[in-house]
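This report walks through one protein chain, from its overall plan to a few individual residues. Please keep the sequence and the structure in view while reading.

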Amino acid sequence: NLKDSHILIVAPHADDEILGCGGLISRAKQSGSKITVLLINLEEEARKNEALESAKYLDYNLISAPFSTNRDLNSDFSTKSFIDYMETQINEFKPEVICIPSSNAHHQDHRFVAINSLVALRPNGGTNRWRPNCILEWEYPGDVWFPGLEYTPSLFVSLNKKDLENK
């Protein structure tokens with residue numbers, strides 16, 4: 001149930017939030033949900049403008065990570081820095097639902113963001129960290145082009161004509 005939820009979408013690059021979750025964003029906004037998109041890697045000015053336009057059009061909060069200037073996530077900052085940053089964002093926004101890229105993605109940035117977001121979401125003894133009710137991994141068919149991997153989604157969000165137009 002997306003009604004009145006707070007949803008955090010983690011996107012490695014500008015346009016991934018739309019390609020992977022554009023229909024979900026549209027549907028969730030119609031249900032009264034608050035959407036925050038966290039863009040990890042936003043280096044190109046044209047993409048930055050597109051991301052801002054998308055956020056305005058679909059009415060969601062857009063945040064650009066402070067280390068979003070290098071295409072190679074692994075060289076721009078340490079894994080621990082990313083995990084610490086994600087833990088802080090999750091605790092600050094307290095989303096009921098968090099959407100991350102598929103950990104089966106072939107793009108190294110998508111895989112890095114997915115795996116280390118899951119580390120940031122791990123259960124951790126007695127610490128007082130926020131836990132979302134639902135963690136979704138999003139993907140699109142281009143993520144699983146490798147022979148032997150199948151596109152096998154386990155959740156579909158029914159989209160109407162308006163959702164498709166918005167996406």
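## Overall plan

Accessible areas come from the Shrake-Rupley method with a 1.4 Å probe, and for residues only the protein chains shown count as cover. By this method the accessible surface of the protein chain comes to about 8800 Å², of which 51% belongs to carbon and sulfur atoms. The model is a predicted one, and the values given here are computed from it.

The protein chain contains 6 helices and 5 strands, and when it is read along the sequence these elements follow the pattern β-α-β-α-β-α-α-β-α-β-α. Of the 167 residues in the protein chain, 44% are buried. Among the contacts with a separation of 6 or more, 76% are accounted for by residues 24 or more positions apart.

## Two nonpolar cores

In soluble globular proteins, nonpolar side chains tend to be buried together. In this model the largest nonpolar core has 20 residues, and those with the most contacts inside it are Ile9, Ile25, Ile35, Tyr60 and Cys99. The elements that give two or more residues to this core are strand 1 (6-13), helix 1 (16-30), strand 2 (34-41), helix 2 (45-58) and strand 4 (97-101), and the largest share, 5 residues, comes from helix 1. A second, separate core of 18 residues includes Val10, Leu38, Phe93 and Phe112.

Which residues does tyrosine 60 touch, not counting those up to four places away in sequence? They are Glu17, Ile18, Ile25, Ile35, Val37, Ala51, Ser54 and Ala55.

## Helices 4 and 5

Helix 4 has 15 residues and reaches 21 Å from its first C-alpha to its last, which is close to the 21 Å expected at 1.5 Å a residue. In helix 4 the residues Phe82, Ile83, Tyr85, Met86, Glu87, Gln89, Ile90 and Phe93 are buried, and what covers them includes strand 1, strand 2, strand 3 (61-64), strand 4 and helix 5.

Helix 5 (residues 108-120) can be checked in a similar way: at 1.5 Å a residue its 13 residues should span 18 Å, and its end C-alpha atoms are indeed 18 Å apart. The buried residues of helix 5 are Asp109, His110, Phe112, Val113, Ala114, Asn116, Ser117 and Ala120.

## Salt bridges

Side chains of opposite charge can pair when their charged atoms come close. How many salt bridges does a search of the whole structure find? It finds 5, and three of them are described here, beginning with aspartate 4 and lysine 3, whose side chains meet with an N to O distance of 3.9 Å. Both aspartate 4 and lysine 3 are exposed.

Aspartate 84 forms a salt bridge with lysine 80, the closest N and O atoms being 2.8 Å apart. Because they are 4 residues apart in helix 4 (residues 79-93), aspartate 84 and lysine 80 are separated by about one helical turn. Aspartate 84 is partly exposed, with a relative accessible area of 32%, whereas lysine 80 is exposed, with a relative accessible area of 56%. In another salt bridge, arginine 122 is paired with glutamate 87, and the closest N and O atoms are 3.0 Å apart. This pair links distant parts of the chain, since arginine 122 lies in the loop between helix 5 and strand 5 and glutamate 87 lies in helix 4, 35 residues apart. Arginine 122 counts as partly exposed at 32% relative accessibility, whereas glutamate 87 is buried, with a relative accessible area of 15%.

## Positive phi angles in loops

Aspartate 59 has a positive phi of about 60° although it is not a glycine. Aspartate 59 lies in the loop between helix 2 and strand 3, and at 51% relative accessibility it counts as exposed, because exposed here means over 50%.

Lysine 94 also is not a glycine, and its phi is positive, about 50°. Lysine 94 lies in the loop between helix 4 and strand 4 and is partly exposed, with a relative accessible area of 41%.

## A nonpolar surface patch

A nonpolar patch of about 330 Å² on the surface is made by Leu155, Val157, Leu159 and Leu164. One of these residues, leucine 155, is found in the loop between strand 5 (134-138) and helix 6 (161-166).

Note on methods: Residues are numbered from 1 along each chain as its sequence is written. This is a predicted model: local features need pLDDT of at least 70, side-chain atom pairs count only at pLDDT 80 or more; totals for chains, interfaces and linings use all residues. Side-chain values use heavy atoms; hydrogens and water are left out. Patches are made of residues with over 30% relative accessible area and no salt bridge: like charges are joined within 9 Å, nonpolar side chains (Val, Leu, Ile, Met, Phe, Trp, Tyr) within 5 Å. A salt bridge is a side-chain nitrogen of Lys or Arg within 4 Å of a carboxyl oxygen of Asp or Glu. The expected span of a helix is 1.5 Å times one less than its number of residues. Buried means under 20% relative accessible area, exposed over 50%, partly exposed in between (1.4 Å probe, protein chains only). A nonpolar core is a set of buried Ala, Val, Leu, Ile, Met, Phe, Trp, Tyr and Cys residues joined through side-chain atoms within 4.5 Å. Contact means heavy atoms within 4.5 Å.
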